[in-house]
Amino acid sequence: MKLRNLNIVIAREYLTRVKKKSFLLITFLAPIFLAAVAVLPSVIMFMTEDKGKKVAVVDESGIVMQTLTDNKTMSYEDFSQQPLDSVKACFSKEGFDILLSISPLDSSKTVSVSAYSEKPLSVDMKDAIASRVNDALEDYRIESYGVDGLKDIMEDVKSDIYVSTYTVTEDGQEKITSSEVYMGISLVLSMIIYMFIAMFSGMVMQSVIEEKASRVVEVLVSSVKATELMFGKIIGVACVALTQFFLWIVLTAVLVVGASAFIGIEQFGPEMAQEKAQEMMQVSGVDMHQMTAAVENTGLEVVFSTLGQLNFGQLILGFVIYFVLGYLLYASFFAAIGSAVENEADTSQLQMPVTIPLLIAFFIAFYAFKAPDSPIVFWGSMIPFTSPIVMLARIPFGVPAWELVLSIALLAGTFVLCGWASAKIYKIGILMFGKKTTFKDLWKWLRQG
């Protein structure tokens with residue numbers, strides 16, 4: 001294999017693809033989409049809220065109205081002395097958004113609640129009303145037992161334990177962490193690498209099929225060896241993938257920072273987030289002491305503390321290594337498959353043995369966060385056909401150096417072996433026409449090559 005010819009094929013494959021309009025379109029549109037996904041949830045959370053709703057209340061139970069206090073979301077006015085039908089006929093004309101009707105107490109010390117409005121109530125508004133009425137009923141029932149301090153006793157009995165997790169460094173320092181953050185990073189990394197390997201490996205197969213169908217390959221193999229053509233195509237597409245990936249990271253970061261600055265980053269700081277959470281909990285009737293403890297225990301400082309302990313250098317390097325080696329392994333398979341068929345419709349049968357390990361790896365990685373050191377996850381991170389996805393899902397939880405080295409060595413060795421076998425198939429299959437290829441044919445080509 002001549003290095004000069006290989007470089008020519010790589011350059012041709014790379015430049016041909018990066019100059020396509022589709023490449024430019026996806027490269028610049030994807031970061032916009034990713035930035036929108038990152039920014040919009042925060043914007044929506046802080047801006048989609050019912051405010052200033054006026055509520056007319058007809059309380060026939062006599063126990064609810066006295067517990068309803070005005071807030072930013074709703075203000076209440078008592079119409080309990082008037083007949084429900086007369087209030088119902090004119091509440092909207094009087095400027096009220098909602099009419100809340102509460103029935104008299106029945107024998108089981110409960111009430112029925114009806115809400116009338118010109119427009120359907122939002123789910124949050126409905127839940128807030130139900131929470132307020134439930135609180136009023138609970139207080140009434142507690143008082144009806146006539147036991148002094150019963151409410152305080154019941155509050156003391158309640159328990160809401162939050163487990164704080166810490167990692168202990170080699171020098172004995174304790175740092176608070178969040179397993180949920182590790183889980184999220186693990187899932188995101190495994191999904192991204194699965195998508196990239198499947199997408200760009202399929203791109204190699206499609207390119208091989210197109211060149212074979214158009215007979216361009218016959219001209220190409222007259223100038224370069226078939227193996228040079230195959231590996232040049234694989235490496236060229238890998239360069240395209242890495243270029244696109246790093247452009248996505250840079251452009252997405254720029255767009256997120258720019259959008260945050262434009263909207264007003266101070267609106268989404270930890271203080272505002274905590275204030276907003278308290279506000280929402282208060283409207284919903286959640287106990288403020290429990291809410292404050294939960295915010296303190298699961299707040300943004302825990303997330304930032306966890307992120308600060310991650311070895312991002314190892315994550316990025318691991319992603320690049322496992323993506324490159326995983327892509328090279330599967331791209332060599334897909335290149336061999338593409339050389340064996342004349343159109344994409346004939347690839348389904350030959351693809352199955354290749355795609356099944358990818359799917360198995362994805363499913364193992366999807367549950368790796370539950371037990372990252374379990375036997376199935378460990379072996380999934382060692383077996384070369386699943387390790388690119390599974391090992392990347394394990395890395396956020398911490399993986400011993402020897403396991404990483406062994407996994408990478410096995411993956412690299414398997415690529416060399418499978419790449420050599422795929423090249424033998426590619427060399428013969430690329431010039432075969434007029435017959436539907438079977439696994440028996442692939443085995444025969446492998447032995448002949």
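**Reading a predicted chain: questions and answers**

Tutor: Serine 201 has its place in helix H6, which covers residues 179-213, and the model in which we look at it is a predicted one.

Student: Why is serine 201 called buried?

Tutor: The relative accessible area of serine 201 is 0%, and buried means under 20%, so serine 201 counts as buried. Leaving aside neighbours within four places in sequence, serine 201 is in contact with Phe196, Tyr327, Tyr330, Ala331 and Phe334.

Student: What makes helix H12 roughly parallel to helix H16?

Tutor: Helix H12 (residues 312-340) and helix H16 (residues 401-429) pack at an angle of about 20°, and their axes lie 8 Å apart. Because angles under 35 degrees count as roughly parallel, that angle makes H12 roughly parallel to H16. The crossing of H12 and H16 is, in addition, left-handed. The residues that form the contact of H12 with H16 divide into 16 nonpolar, 9 polar and no charged.

Student: How do you know that threonine 386, in the loop between helix H14 (375-380) and helix H15 (387-394), is buried?

Tutor: For threonine 386 the relative accessible area comes to 9%, and since the cut-off for buried is under 20%, the conclusion is that threonine 386 is buried. Threonine 386 is in contact with Pro357, Ala361, Trp379 and Gly380, once its neighbours within four places in sequence are left aside.

Student: Which term fits valine 224, buried or exposed, given that valine 224 is found in the loop between helix H7 (216-220) and helix H8 (226-263)?

Tutor: Valine 224 has a relative accessible area of 13%, and as the limit for buried is under 20%, valine 224 is classed as buried. The C-alpha atoms of valine 224 and asparagine 5 are separated by 6.4 Å, although the two residues are 219 residues apart along the chain. If neighbours within four places in sequence are left aside, valine 224 is in contact with Asn5, Val9 and Leu229.

Student: Why is lysine 151, which lies in helix H5 (residues 150-157), called partly exposed?

Tutor: The relative accessibility of lysine 151 is 40%, and because buried means under 20% and exposed over 50%, with partly exposed in between, lysine 151 counts as partly exposed. Not counting residues up to four places away in sequence, lysine 151 touches Asp139 and Ile142. The C-alpha atoms of lysine 151 and glutamate 138, which are 13 residues apart along the chain, are separated by 9.3 Å.

Student: What makes lysine 109 partly exposed, and where does lysine 109 lie?

Tutor: Lysine 109 lies in the loop between strand S3 (98-102) and strand S4 (113-116). Its relative accessible area is 32%, and since the range between 20% and 50% is the one for partly exposed, lysine 109 is placed in that class. The phi angle of lysine 109 is near 60°, which is a positive value in a residue other than glycine.

Student: What is the share of buried residues in the chain, and how many helices and strands are there?

Tutor: Of the 449 residues of the chain, 40% count as buried, and the secondary structure comprises 17 helices and 6 strands. Among the contacts in the chain with a separation of 6 or more, 71% are accounted for by residues 24 or more positions apart. The chain exposes about 24800 Å², of which carbon and sulfur atoms supply 64%.

Terms used. Residues are numbered from 1 along each chain as its sequence is written. This is a predicted model: local features need pLDDT of at least 70, side-chain atom pairs count only at pLDDT 80 or more; totals for chains, interfaces and linings use all residues. Side-chain values use heavy atoms; hydrogens and water are left out. Helices (H or I, at least four residues) and strands (E, at least two) are DSSP runs, numbered from the N terminus. Buried means under 20% relative accessible area, exposed over 50%, partly exposed in between (1.4 Å probe, protein chains only). Contact means heavy atoms within 4.5 Å. Accessible areas come from the Shrake-Rupley method with a 1.4 Å probe; for residues, only the protein chains shown count as cover. Axes are lines fitted to C-alpha atoms, for helices over the stretch in contact, and angles run from 0 to 180 degrees between N-to-C directions. Angles under 35 degrees count as roughly parallel, over 145 as roughly antiparallel, 65 to 115 as roughly perpendicular and the rest as oblique. A crossing is left-handed if the near helix is turned anticlockwise from the far one by less than a right angle, and right-handed if clockwise. Ala, Val, Leu, Ile, Met, Phe, Trp, Tyr, Cys and Pro count as nonpolar, Asp, Glu, Lys and Arg as charged, and the others, Gly among them, as polar.
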